[in-house]
Amino acid sequence: MALNRAVAHGYAYGPAIGLARLADARAGGGLDNYPLALAVEADLLARQGDHQRAAELFRTAAARTSGAAGRRALLERAGSADPG
């Protein structure tokens, strides 16, 4: 639920607020290895303009994702997040 709140706040109030909510959600460490949390952080960073870090996080999330379709989608996002 906290992860969903971070996404919602990121869209409603901007990526910086979403990243702050995500940091709150991750404070206990329970989301550290959760690929979706990494993907959310990557998306928020990309929207904030940090494309290189976003691409790195999308690739990390892809590596931790078990499904081929999800992994492929995250790798596509990595490619589009890092135009350089």
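Biologist: Which residues does L74 touch, not counting residues up to four places away in sequence?
Modeller: In this predicted model, L74 touches A39, F58, A61, A62 and T65. Contact here means heavy atoms within 4.5 Å.

Biologist: What makes L74 stand out in the largest nonpolar core?
Modeller: That core has 23 residues, and L74 is one of the three that touch the most other members. The others are A54 and F58. Helix 1 (2-13), helix 2, helix 3, helix 4 (51-63) and helix 5 (68-81) each give two or more residues. Helix 3 gives the largest share, 8 residues.

Biologist: Why are helix 2 and helix 3 called roughly antiparallel?
Modeller: Their axes cross at roughly 155°. Angles over 145 degrees count as roughly antiparallel, so helix 2 and helix 3 earn the term. The axes come within 9 Å, and the crossing is left-handed.

Biologist: What makes the contact of helix 2 with helix 3?
Modeller: Helix 2 brings P15, A16, G18, L19, L22 and R26. Helix 3 meets them with A37, L38, V40, E41, L44, L45, R47 and Q48. By type, 9 are nonpolar, 2 polar and 3 charged.

Biologist: Why are helix 1 and helix 2 roughly antiparallel to each other?
Modeller: The cut-off is again over 145 degrees. Here the axes cross at roughly 165°, so the pair is roughly antiparallel. The axes come within 6 Å, and the crossing is right-handed.

Biologist: Which residues make that contact of helix 1 and helix 2?
Modeller: A2, L3, A6, H9, G10 and Y13 of helix 1 meet P15, I17, G18, R21, L22 and A25 of helix 2. They divide into 8 nonpolar, 3 polar and 1 charged.

Terms used
Residues numbered from 1 in each chain as written. Predicted model: local features only at pLDDT ≥ 70, side-chain atom pairs only at ≥ 80, totals over all residues. Heavy atoms only, no water. Axes fitted to C-alpha atoms, helices over the stretch in contact; angles between N-to-C directions. Helix = DSSP H or I, 4+ residues; strand = E, 2+ residues; numbered from the N terminus. Parallel < 35°, antiparallel > 145°, perpendicular 65-115°, else oblique. Left-handed = near helix turned anticlockwise from the far one by under 90°. Nonpolar A, V, L, I, M, F, W, Y, C, P; charged D, E, K, R; others polar. Core = buried A, V, L, I, M, F, W, Y, C linked by side-chain atoms within 4.5 Å. Buried < 20%, exposed > 50% of the residue type's maximum accessible area, 1.4 Å probe, protein only.
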